[in-house]
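Here is a page from my notebook, kept while I looked through a structure that was new to me. Have a look at it yourself before reading on.

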Amino acid sequence: MEWLLAVIAVAVLGLAAVAAAGGLGQLGPVRVDRPPLILPESDMTAEDLEGLRFLVVPRGYAMEQVDEVLARLQNQLRAASNCLVGPGSGIIDSTELGDRRNHDGSDETSHG
C-alpha cells in the first residue's frame, strides 16, 4: 500500500512539473474584452481631456488606453510647437525685444 501511495505522489509531482513547464499546452491568445477608447478625429481640446475616462482595471487604469492618449497628445503638442516656432508666430522672444532686462533680472520698463 505504501508503494502505491509513493507511485501516485511521484506521478502527481511529475504531472505538476510538466504542467508548470508548459508541456500540457499553452494559454490561448489574450482576448481583450474592454470597449475601445473613443477619441475625437480632430485635435484634442481641454473639454475632451476633461471628459476623458479610462477603464479601471485590477492594477490601476487600462495601460493601453493611457498610452494611446499620451501618444496622441505628444504628437499634437509636437505639431503645435512646430507651428508656433518661426517668424510671425506671435511668440515674443528676448532676442526680438532686444533683451530689455537688466543683469539682475529686473525689467527696465517696470515702475517702482
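My entries below go from the whole chain to single residues.

**Entry 1: the outline.** I noted at the start that this is a predicted model. I then looked up the elements and found three helices and two strands in the protein chain. Reading from the N terminus, I wrote their order down as α-α-β-β-α.

**Entry 2: the whole chain.** How much of the chain is buried? I found that 9% of the 112 residues count as buried. For the accessible surface of the protein chain I noted about 10,000 Å², with 61% of that belonging to carbon and sulfur atoms. I also looked up contacts with a separation of 6 or more, and 44% of these in the protein chain come from residues 24 or more positions apart.

**Entry 3: the core.** Which residues make up the largest nonpolar core? I listed six: Leu37, Leu39, Met44, Leu52, Val69 and Leu73. I picked Met44 for another look. Leaving out residues up to four places away in sequence, Met44 touches Leu39, Leu49, Arg72, Leu73 and Gln76. Leu39 and Leu73 are thus on both of my lists, as core members and as residues that Met44 touches.

**Entry 4: two glutamines in a helix.** I went to helix α3, which spans residues 63-84 and holds Gln65. Is Gln65 buried or exposed? Gln65 counts as buried because its relative accessible area is 6%, and the cut-off for buried is under 20%. Setting aside neighbours within four places in sequence, I found Gln65 in contact with Pro35, Pro36, Leu37, Phe54 and Leu55. One of these, Leu37, belongs to the largest nonpolar core.

Gln76 is found in helix α3 too. Its relative accessible area is 18%, so Gln76 is buried under that 20% cut-off. Beyond residues up to four places away in sequence, Gln76 touches Asp43 and Met44. Here I was back at Met44, a member of the core from my third entry.

**Entry 5: the surface at the start of the chain.** Which residues form a nonpolar patch on the surface? I wrote down Met1, Leu4, Leu5, Ile8 and Val12, with about 550 Å² of accessible area together. Met1 lies in the segment before α1, and that helix covers 2-20. I looked up Met1 by itself as well: with 75% relative accessibility, Met1 counts as exposed, because the cut-off for exposed is over 50%.

Definitions and conventions: Residues numbered from 1 in each chain as written. Predicted model: local features only at pLDDT ≥ 70, side-chain atom pairs only at ≥ 80, totals over all residues. Heavy atoms only, no water. Helix = DSSP H or I, 4+ residues; strand = E, 2+ residues; numbered from the N terminus. Buried < 20%, exposed > 50% of the residue type's maximum accessible area, 1.4 Å probe, protein only. Contact = heavy atoms within 4.5 Å. Areas by Shrake-Rupley, 256 points an atom, 1.4 Å probe, with all protein chains shown as cover. Core = buried A, V, L, I, M, F, W, Y, C linked by side-chain atoms within 4.5 Å. Patch = residues over 30% accessible without salt bridge, like charges linked within 9 Å, V, L, I, M, F, W, Y side chains within 5 Å. Salt bridge = Lys/Arg side-chain N within 4 Å of Asp/Glu carboxyl O.
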